[in-house]
Amino acid sequence: MYHDFNFKSTLASSLRAQWELDDVLREDQELDFSRNMMPESLARTAAVPGLTADEQRVLNQIAAHEYLSMFGIVEEFLLPFVLDQARPELRGDDWRVRALLNFAGEEAKHIHLFKRFHAAFVRRFPVECQVIGPSEAIGAEILRHDPFAVSLVILMIEWMTQQHYLGSIKDDGDIDPLFKSLMKFHWMEEAQHAKLDTLIVEALAEGRTEEQIDKAIDEFFEIGAFLDDGLKQQTIFNLDALEKVIGRKLENREEIEAQQHQAGRWTFIGSGMVHERFKATLKQLSPRAAARIAEAAPLFA
Ligand SMILES: [Fe+2]
Ligand SMILES: [Fe+2]
């Protein structure tokens, strides 16, 4: 066995790690707009050519707005997915039922937390930042796929939050401590979700032939391409917001668009694709599936 995850011990560590919204951000707390909010390893805004340091910071904050919005969208399709996994087996293994319901409850709390951060952001940010959506339509498009493919996308997302947290502590002491703690508290619970989702993936994979797994990987890529299109559109919205704040058109907009789209790819797709635990699960399922995903990963680096 390449891991020792099980429902009972994961539930126990989940219950130990639990926190409340106010531990991360009180409703009346303000974000620090004199600082960056996203780690540079994710937002890559210090590397944007042709902007002053102040303008790079504004773009970094717009990337933070994207982060809050994207996770809002992701958690909203994750919640019904987890509930769907729990519901058919409510009379089964009690540890499984409780672990999955707790998982769902934590994701509902994360949705609430991301909304609270988002509210604090829009309270002080000078312009409106547009977001792709509506989230219901994005969720419906993803959830129409084979649940096994969806579970792999979710597993990738759960592990990527670990990379985000590490980025936020390793990078720079300069980012808003509230954002740092957002990533820390999110990671604390996501670490358990990733284990539970590994168990879900394995259950959904059971009895599938190599051909069927291959088909699910096709769907994984379909969902990935759909998300990537969304990220591309979101980059356009982000630069529109930046131009509004700084009061000028960017002469090298195309170049910045490509660079920032790539930063989004790494943040929301690539950093999960290359996570060792994600790769280990894929390899266990099917070496061919692992190889296909490894081959695509550089595009999202
Ligand atoms: Fe979450
Ligand atoms: Fe999660």
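**Exercise 1. Determine the spacing along the chain of the donors of the iron ion (ligand 1), and assign each donor to a residue.**

Solution. In this predicted model, the donors of the iron ion (ligand 1) follow the pattern E-x31-E-x2-H-x75-H-x3-E. The residues that coordinate this ion are E75, E107, H110, H186 and E190. E75 is listed twice, each time through OE. E107 and E190 also bind through OE, whereas H110 uses ND1 and H186 uses NE2. The distances run from 2.1 to 2.7 Å.

**Exercise 2. Classify the geometry of the site of the iron ion (ligand 1).**

Solution. The site has 6 donor atoms, with angles of 51 to 172 degrees among them. Six donors count as octahedral if opposite donors are over 155 degrees apart and all others lie between 65 and 115. The angle of 51 degrees falls outside these ranges. The site is therefore irregular.

**Exercise 3. Identify which residue coordinates both iron ions, and describe its placement relative to H110.**

Solution. The iron ion (ligand 1) and the iron ion (ligand 2) are 3.4 Å apart, and E107 coordinates both. E107 and H110 are 3 residues apart in helix α5 (residues 94-124), so about one helical turn separates them. E107 counts as buried because its relative accessibility is 0%. H110 likewise counts as buried, at 0% relative accessibility.

**Exercise 4. State which residues make the nonpolar surface patch, and decide whether L83 is buried, partly exposed or exposed.**

Solution. L83, L90 and L101 make the patch, which covers about 250 Å². L83 lies in helix α4 (residues 53-86). Its relative accessible area is 38%, so L83 is partly exposed.

Conventions
Residues numbered from 1 in each chain as written. Chains lettered and ligands numbered in written order. Predicted model: local features only at pLDDT ≥ 70, side-chain atom pairs only at ≥ 80, totals over all residues. Heavy atoms only, no water. Donors = N, O, S within 2.8 Å, 3.2 Å for Na, K, Ca; no water. Tetrahedral: all angles 85-135°; square planar, octahedral: opposite > 155°, others 65-115°. Helix = DSSP H or I, 4+ residues; strand = E, 2+ residues; numbered from the N terminus. Buried < 20%, exposed > 50% of the residue type's maximum accessible area, 1.4 Å probe, protein only. Patch = residues over 30% accessible without salt bridge, like charges linked within 9 Å, V, L, I, M, F, W, Y side chains within 5 Å. Areas by Shrake-Rupley, 256 points an atom, 1.4 Å probe, with all protein chains shown as cover. Salt bridge = Lys/Arg side-chain N within 4 Å of Asp/Glu carboxyl O.
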